[in-house]
Number of protein chains: 2
Amino acid sequence: MSDDDWIPPPVLVAVDLVIFTLRDSVLQVLLVERGIEPFRGAWALPGGFLADDREDVLAAAHRELKEEADLDASRLHLEQLGAYGKPDRDPRGRVLSVAYLAIAPGLPEPRAGTDAAHATWTPVPDILDGRVRLAFDHHEIFGDGLEWARSKLERSALATAFCRETFTINELQQVYEAVWGLGLDSRNFYRKVQAAEGFIVPVGAERREGRGRPARLFKAGDRTTINPPLVRPAAEAREGKS
Amino acid sequence: MSDDDWIPPPVLVAVDLVIFTLRDSVLQVLLVERGIEPFRGAWALPGGFLADDREDVLAAAHRELKEEADLDASRLHLEQLGAYGKPDRDPRGRVLSVAYLAIAPGLPEPRAGTDAAHATWTPVPDILDGRVRLAFDHHEIFGDGLEWARSKLERSALATAFCRETFTINELQQVYEAVWGLGLDSRNFYRKVQAAEGFIVPVGAERREGRGRPARLFKAGDRTTINPPLVRPAAEAREGKS
DNA sequence: TCAAAAGTGTTAGTGATACACCCATGG
DNA sequence: CCATGGGTGTATCACTAACACTTTTGA
């Protein structure tokens, strides 16, 4: 903090959100189509400015989450990715953006009549292979968010946030496979998640869908960190399990 | 980004720095004593506001680093910890601070005549056990910085940033021990750091100081991530190595 | 009775820890 | 020649990937 009485320059503060969900076993991120310049017609992460100078930054993220994706705070993870403050990142002026990552269980298509009317879920692979380009520095924020989620899956119980109240181990595995972008051995996965104490707890019931033996149902445990961790493979093996 | 033409509230943006160094094999952090209210006489992290509305946030961190610790950008790591933006974190008004972590090799006592004249290196243990209290939310920032450094030591070549141009493996081990706050087996450490390809490269020379066999000298390699990682023990063992 | 999905057992390989041991140097 | 720190060899243990195998269901 400066000790003299010179007045520092004010800056506009915004929040941007990287909201991930899982739909049809594919990792998807929420994007909005910009209606005005700059970047009119381009895709961007949802976000917005602080509502007033008393609003907490995290609270602003929650408010935008509600406005843009109609998601309230229950069953939700919200984590700060960091601040993005390059002077030229917004051609309209000096804007510093604090980015947050949100994880949500499978969501329906955004509904008309809300702020999220022009928002759509976009498959993460479409962004990774360049088929969808993002405005501002949002590609960088998106990339940071994806890497954050991928690495957090290893040592935290984050994956259960993608699931509904109860879920099968196979559903949980599909979360890991979708976020990490690779295939896992279902039998080893089965034991690993159960060995992590407090990660998931059996709920007693079973679920039957189509053929095959019914799967036991689980719910998220109370621990937020899992031990031992589920470490993702370094770099090999795609698809083709068993 | 908001699509209407309402004017969002401006916020003052500051940077705060968690600057770690190693002195006498003890991890130390740079603190300044506040000369004005609020928190007059208390200890705080060095930092300051953006110089003008064109200054990059990272550039401001570099500038403060130069002003407060007389450190230029060479042989230096600077990483963003995140944004701290609670509305009441600064009693003077709305200030959002972007925190950075800096790592520096052993530094002399800050010199008089610079902005850092009233700054001092403070042992990290003194803060951890509550003997030194910090102003604002700086204890939280400090804690985040310490945990960041501890975990980054596992998979990145960060530790070499604490060392001088050339160093012995024992000096590198002292970095790990000081940051992690525990003792390591020197013989296993010796092999582990050399097994990590591109982490350190031998420089051919040796160093002799006092009795004992001379140690080979190394310099930092070109890789920034190390593989396999040096994982810190979960929770046991203090001091007493070998 | 067959295919498919859930769940179990077993083994070979990998890597880490602990520690015995040898090497080189200064006093 | 001995204390001290540098450096090497190796047994033991834990953990994991791979995969054969059994169980339970729907068609």
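These are my notes on two protein chains and two DNA strands in a predicted model.

**Ground rules**

I am working with a predicted model, where local features need pLDDT of at least 70, side-chain atom pairs count only at pLDDT 80 or more, and totals for chains, interfaces and linings use all residues. Residues are numbered from 1 along each chain as its sequence is written, chains are lettered from A and ligands numbered from 1 in the order in which they are written, and side-chain values use heavy atoms, with hydrogens and water left out.

**Entry: DNA strand C**

I started with which residues come nearest to DNA strand C. My rule for near is that a heavy atom of the residue lies within 4 Å of the molecule or strand. There are 20 residues around strand C, and the nearest are Tyr190(A), Arg191(A), Arg216(A), Asn188(B) and Lys192(B). So both chains show up in that list. On the DNA side, 53% of the strand C atoms within 4 Å of the protein belong to sugar or phosphate, and the rest belong to bases.

Next I looked up polar contacts, meaning pairs of N or O atoms within 3.5 Å (within protein, one must be able to donate a hydrogen and the other to accept it, and residues adjacent in sequence count only if both atoms are side-chain atoms). Tyr190(A) has a polar side-chain atom 2.9 Å from a sugar or linking oxygen of strand C. Asn188(B) goes to a base instead, with a polar side-chain atom 2.8 Å from a base nitrogen of strand C. For Gly212(B) the contact is through the backbone: an N or O atom there lies 3.5 Å from a base oxygen of strand C.

Which elements supply the surface near strand C? I take helices (H or I, at least four residues) and strands (E, at least two) as DSSP runs, numbered from the N terminus. At least two residues each come from α5 (186–195) and β10 (215–220) of chain A and from α5 (186–195) of chain B. The largest share is that of α5(B), with four residues.

I also sorted this surface by residue class, with Ala, Val, Leu, Ile, Met, Phe, Trp, Tyr, Cys and Pro as nonpolar, Asp, Glu, Lys and Arg as charged, and the others, Gly among them, as polar. Near strand C that gives four nonpolar, five polar and eleven charged residues.

**Entry: DNA strand D**

I then repeated the lookup for the other strand. DNA strand D has 21 residues around it, and the closest are Asn188(A), Lys192(A), Tyr190(B), Arg191(B) and Arg213(B). Sugar and phosphate make up 55% of the strand D atoms that come within 4 Å of the protein.

I noted three contacts to bases here. A side-chain N or O atom of Asn188(A) is 2.9 Å from a base nitrogen of strand D. Arg213(A) places a polar side-chain atom 3.1 Å from a base oxygen of strand D, while Arg213(B) has one 3.5 Å from a base nitrogen of strand D.

For the surface near strand D, α5 of chain A and both α5 and β10 (215–220) of chain B each give at least two residues. The most comes from α5(A), with four residues. By class, I get four nonpolar, five polar and twelve charged residues near strand D.

**Entry: the sheet that holds β10(A)**

β10 of chain A had come up near strand C, and I wanted its neighbors. I found an open sheet of three strands in chain A, ordered β8-β10-β9 with antiparallel pairing. β8 (166–167) and β9 (200–207) are the edge strands, each pairing on one side only. Two strands pair if DSSP finds at least two bridges between them, and β8(A) and β10(A) are joined by two. In one of these, Phe167(A) has Phe218(A) of β10(A) as its bridge partner.

**Entry: backbone oddities**

Where are the cis peptide bonds? One joins Asn227(A) and Pro228(A), with omega about 0°, and another joins Asn227(B) and Pro228(B), again with omega about 0°. Pro228(A) sits in the segment after β10 of chain A, and Pro228(B) in the segment after β10 of chain B.

I also flagged positive phi at non-glycine residues. Ser25(A) has phi of about 60° and lies in the loop between β1 (10–23) and β2 (26–33) of chain A. Phe39(A) has phi of about 65° and belongs to the loop between β2 and β3 (43–44) of chain A.

Are these two buried or exposed? My cut-offs are under 20% relative accessible area for buried, over 50% for exposed and partly exposed in between (1.4 Å probe, protein chains only). Ser25(A) is partly exposed at 41%, and Phe39(A) is partly exposed at 35%.

**Entry: cysteines**

Last, I checked for disulfides, meaning pairs of cysteine sulfur atoms within 2.5 Å. The count is zero over all chains. I looked at Cys163(A) anyway, and it is buried at 5% relative accessible area. Cys163(B) is buried too, at 5%.
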